[in-house]
Amino acid sequence: MRTIAIINQKGGVGKTTTAVNLSAALAQLGQRVCLIDFDPQAHSSLHLGVVPHSSGTSIYDVLVGRAALADVRREVNSHLSLVPSHIDLAAAEMELAGEVGREVILRDKLEQDRDEFDFVIMDCPPSLGVLTINALVAMREVFLPLQPHFLALHGLSKLMETIEVVIRRLNRHLRLTGVVFCMYESTTRLAQEITGDVADFLTAVDQPECPWHGATIFSTCIRRNIRLAEAPSFGQTIFEYAPHSNGSIDYLRLAEEVIHQQLPAPLAHLQAAARPEATASETVPDPLAPVRS
Ligand SMILES: Nc1ncnc2c1ncn2[C@@H]1O[C@H](COP(=O)(O)OP(=O)(O)O)[C@@H](O)[C@H]1O
Ligand SMILES: [Mg+2]
């Protein structure tokens with residue numbers, strides 16, 4: 001099982017769009033996916049057509065110990081399950097402030113969970129508070145969505161510092177394994193320059209213990225596509241709303257890359273130990289075949 005937190009403490013960079021559509025693409029490719037909406041704004045839940053009711057249970061109930069993940073999770077599509085969020089989650093930061101072990105609640109809940117998934121993906125809030133720390137402790141991988149404008153790298157060092165502290169104190173397996181460029185406009189020189197800067201930053205290290213050593217910059221960039229912005233208001237993934245759009249093509253390509261991705265050595269070993277049988281690539285159909293031909 002791969003567990004991936006989609007994090008950038010900046011808002012509006014494409015976290016939710018990527019969490020939802022990458023999850024849906026992986027599910028289309030036959031992977032069993034659980035998406036955890038960990039943002040109190042509940043945008044991933046709404047994007048998947050799940051309206052957070054005041055009476056319904058959510059990830060908040062899991063965090064405060066009132067429910068197990070399985071009680072809250074629901075199947076929203078073939079192969080795709082959602083653990084929805086709720087605005088109450090905003091209060092969790094404060095409610096948990098005095099609690100011992102507040103950073104490991106989600107990890108413990110996931111360990112108690114019996115359901116098997118190939119991917120657990122988390123859509124995180126735009127902050128580095130208790131919720132994001134819970135995600136970093138519970139997951140092994142971080143994907144960083146970036147918008148290629150000149151402030152893209154601003155604030156990145158704070159995120160890297162946070163990841164380093166979590167590795168040292170709470171989760172030694174954690175690594176930044178992927179960078180996804182979102183809302184990409186390939187025609188601008190700026191986009192190309194920023195992509196180059198990020199590549200320089202990531203490849204400047206050669207110590208395997210560095211949190212971003214061996215991270216992949218996915219060659220699929222998610223192009224700016226209005227369909228991706230429209231789909232959430234219909235409560236649909238891009239594959240339901242506009243299956244032939246660039247957005248749909250890009251997220252499927254990204255999902256293929258993610259499945260075939262070479263993980264940094266420490267994670268690759270863990271992965272191999274957990275699933276000695278086949279690699280996912282041997283069983284995956286090629287849904288892009290009509291687009292390619
Ligand atoms: N590739 C894209 N093309 C066009 N609009 C996009 C794209 N990706 C995201 N958006 C839109 O940009 C806004 C911010 O994206 P979102 O995924 O919600 O970011 P975050 O979760 O990081 O705050 C949303 O309105 C979303 O629909
Ligand atoms: Mg979001």
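Select N8 in this predicted model and display its side chain, which reaches the backbone nitrogen of K10 at a distance of 3.0 Å. N8 sits in the loop that runs between β1 (2-6) and α1, and with a relative accessibility of 4% it counts as buried, because the cut-off for that class is under 20%. If you then show what surrounds N8, leaving out residues up to four places away in sequence, you will find that it touches V13, K15, P125, P126, L144, P145 and L146.

From K15, one of the residues that N8 touches, move on to ligand 1, where K15 is also among the residues that come nearest, together with G12, T16, T17 and N225, out of the 14 residues around the ligand. Three polar pairs are worth labelling here. An oxygen atom of ligand 1 lies 2.6 Å from an N or O atom in the side chain of T17, and an oxygen atom of the ligand is 3.0 Å from a polar backbone atom of G14. For R223, the pair consists of a backbone N or O atom and a nitrogen atom of ligand 1, separated by 3.0 Å. Switching to a surface view, note that the protein covers 77% of the 560 Å² of accessible area that ligand 1 has on its own.

Now colour the shell around ligand 1 by residue class, which divides it into five nonpolar, six polar and three charged residues. Colouring by helix instead picks out α1 (15-28) and α10 (226-230), each of which supplies at least two residues of this shell, with α1 giving the most, namely three residues.

Leave the ligand and select the nonpolar interior. The largest nonpolar core has 56 residues, and those with the most contacts inside it are F38, I59, L63 and L176. Helix α7 (residues 130-138) provides the largest share of this core, seven residues. Centre the view on I59, which, apart from residues up to four places away in sequence, touches I36, D37, F38, L69, V72, V83, P84, S85, L89 and L106. A second, separate core consists of 33 residues, including A19, A25, L252 and I259.

Go back to α7 and inspect the helix along its whole length: nine of its nine residues are buried, from V130, L131 and T132 through I133, N134 and A135 to L136, V137 and A138.

Just before this helix, select S127, which is found in the loop between β5 (119-123) and α7. S127 has a relative accessibility of 27% and therefore counts as partly exposed, since that class lies between 20% and 50%. Its contacts, not counting residues up to four places away in sequence, are with Q9, E93 and T132, and the last of these, T132, belongs to the buried residues of α7. For a sense of scale, draw a distance from the C-alpha atom of S127 to that of T216, 89 residues apart along the chain, and the separation is 23 Å.

The last stop is F201, in helix α9 (residues 189-203). F201 is partly exposed, with a relative accessible area of 31%, and, leaving aside its neighbours within four places in sequence, it is in contact with L156, M160 and W212. Add the C-alpha atoms of F201 and W212 to the view: these residues are 11 apart along the chain, and the two atoms are separated by 9.4 Å.

Notes
Residues are numbered from 1 along each chain as its sequence is written. Chains are lettered from A and ligands numbered from 1 in the order in which they are written. This is a predicted model: local features need pLDDT of at least 70, side-chain atom pairs count only at pLDDT 80 or more; totals for chains, interfaces and linings use all residues. Side-chain values use heavy atoms; hydrogens and water are left out. A residue is near a molecule or strand if one of its heavy atoms lies within 4 Å of it. A polar contact is a pair of N or O atoms within 3.5 Å; within protein, one must be able to donate a hydrogen and the other to accept it, and residues adjacent in sequence count only if both atoms are side-chain atoms. Accessible areas come from the Shrake-Rupley method with a 1.4 Å probe; for residues, only the protein chains shown count as cover. Helices (H or I, at least four residues) and strands (E, at least two) are DSSP runs, numbered from the N terminus. Ala, Val, Leu, Ile, Met, Phe, Trp, Tyr, Cys and Pro count as nonpolar, Asp, Glu, Lys and Arg as charged, and the others, Gly among them, as polar. Buried means under 20% relative accessible area, exposed over 50%, partly exposed in between (1.4 Å probe, protein chains only). Contact means heavy atoms within 4.5 Å. A nonpolar core is a set of buried Ala, Val, Leu, Ile, Met, Phe, Trp, Tyr and Cys residues joined through side-chain atoms within 4.5 Å.
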